[in-house]
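Visitor: I would like to talk through a protein model with someone who enjoys the details. Could we take it one question at a time?

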Amino acid sequence: MYGFRSIWAAAVVAAVLAGCGEGGTTPSVTGAGKASDVAIGSDGAAASDLQTSTDGGPPPVATCAGSAINEGFKALDKDCAFLGKCPSLGKCYCGDKCPASKTPKCDPSLCPNSKPKCFCGEACKPDQKKCPEYLCKDAGLENSAKCDELDDCVFVNTPPPSWCGCQKMPNHAPDCWCNASKCTEPRPECAASKCAGKSTDKCIYVKGEDYTSCWCDTCGLFGDTARCFFVLCPNG
């Protein structure tokens, strides 16, 4: 057991040293788990162990400094899974017919119409939205004298919500919410047993139990993938 703690302590010290570089702010987390001060990384700010070279261009941007590819931390990536929804919550595309090159696809909450339409042709009226040139060309309608309707692909140019950055996690098991569908932001739903006797028409926060083993202290995104960047253990 002592050996286990020593290994984890060494990993934690390494992670803390990696995460205490210049230029970041430590995000604070409210009782609802929302980061109130988010440090978003840039291409040059990711930790050195994330700078892997590939044939596909630069490595993904990391929203936290730290060691997201540390083998010992990967088992706790699941605690950060709530961030996996973030790529679909801004800078994304709406439309069932969007080409494969148009990713990521937006969460339905950002798409008032999952099947947006646009029009090609000289006979279209001013109130009929003109399609992008590539759509008209791909459909062979770039010189149409009519007004032809096509499925559109709409880019939603808004940033994801603030909680999609680097988040310091509480030192207890993941929180959950009763009636999560009534919350103003996406939240993990509690098990029915935790909501027994509580109101059914409100978004209700339920604090998780304190950890007795190592937990993920900092969650963030590595590209579009939710990752654990820091791990802490009780009693050092």
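What follows is a short conversation about a histidine, a sheet and some disulfides.

Visitor: Happy to start. Where is His172 placed?

Guide: Please keep in mind that this is a predicted model. Strand β5 covers 167-168 and strand β6 covers 176-178. His172 sits in the loop between β5 and β6.

Visitor: Is His172 buried or exposed?

Guide: Buried means under 20% relative accessible area. His172 has 7% relative accessibility, so the residue counts as buried.

Visitor: Which side chain makes a polar contact with the side chain of His172, and at what distance?

Guide: The partner is the side chain of Asp175. The polar contact between the side chains of His172 and Asp175 is 2.6 Å.

Visitor: Which other residue has a side chain in polar contact with that of Asp175?

Guide: One candidate comes from the contacts of His172 beyond four places in sequence, which include Tyr205, Lys207 and Tyr211. Of these, Tyr205 belongs to strand β7, residues 204-206. A polar contact of 3.2 Å joins the side chain of Asp175 to the side chain of Tyr205.

Visitor: How does Tyr205 count in terms of accessibility?

Guide: Buried ends at 20% and exposed begins over 50%, with partly exposed in between. Tyr205 has 34% relative accessibility, so the residue counts as partly exposed.

Visitor: Let us turn to the sheet. Which strands stand at its edges?

Guide: The open sheet has three strands in the order β5-β8-β9, with antiparallel pairing. β5 and β9 each have a single partner strand, so one side of each is left without a neighbour in the sheet. The edge strands are therefore β5 and β9.

Visitor: How many bridges join β8 to β9?

Guide: β8 covers residues 215-222 and runs antiparallel to β9. Along this pairing, Trp215 stands opposite Leu232, and Leu221 stands opposite Ala226. The number of bridges joining β8 to β9 is seven.

Visitor: Which residue in the turn between β8 and β9 has a positive phi?

Guide: β8 and β9 form a hairpin, with two residues between them. The residue in the turn with a positive phi, about 70 degrees, is Gly223.

Visitor: How many residues of β9 are buried?

Guide: β9 has eight residues and is mostly covered. The number of buried residues in β9 is six.

Visitor: Now the disulfides. What is the handedness of the one between Cys92 and Cys106?

Guide: The model has a count of 14 disulfides, and one of them joins Cys92 to Cys106, with S to S at 2.0 Å. Both Cys92 and Cys106 are buried. The torsion about their S-S bond is about 100 degrees, so the disulfide is right-handed.

Visitor: And what is the handedness of the link of Cys178 and Cys195?

Guide: Cys178 and Cys195 are joined by a disulfide with S to S at 2.0 Å. The pair links distant parts of the chain, with Cys178 in strand β6 and Cys195 in helix α4, 17 residues apart. With -100 degrees about the S-S bond, the link is left-handed.

Visitor: One last pair: Cys183 and Cys203 are joined by a disulfide. Which accessibility class does Cys203 fall in?

Guide: Cys183 lies in the loop between β6 and α4, and Cys203 in the loop between α4 and β7, 20 residues apart. Cys183 has a relative accessible area of 13% and is buried. Cys203 has a relative accessible area of 33%, so its class is partly exposed.

Key
Residues numbered from 1 in each chain as written. Predicted model: local features only at pLDDT ≥ 70, side-chain atom pairs only at ≥ 80, totals over all residues. Heavy atoms only, no water. Helix = DSSP H or I, 4+ residues; strand = E, 2+ residues; numbered from the N terminus. Buried < 20%, exposed > 50% of the residue type's maximum accessible area, 1.4 Å probe, protein only. Polar contact = N/O pair within 3.5 Å; in protein donor to acceptor, adjacent residues only side chain to side chain. Contact = heavy atoms within 4.5 Å. Pairing = 2+ DSSP bridges. Disulfide = S-S within 2.5 Å.
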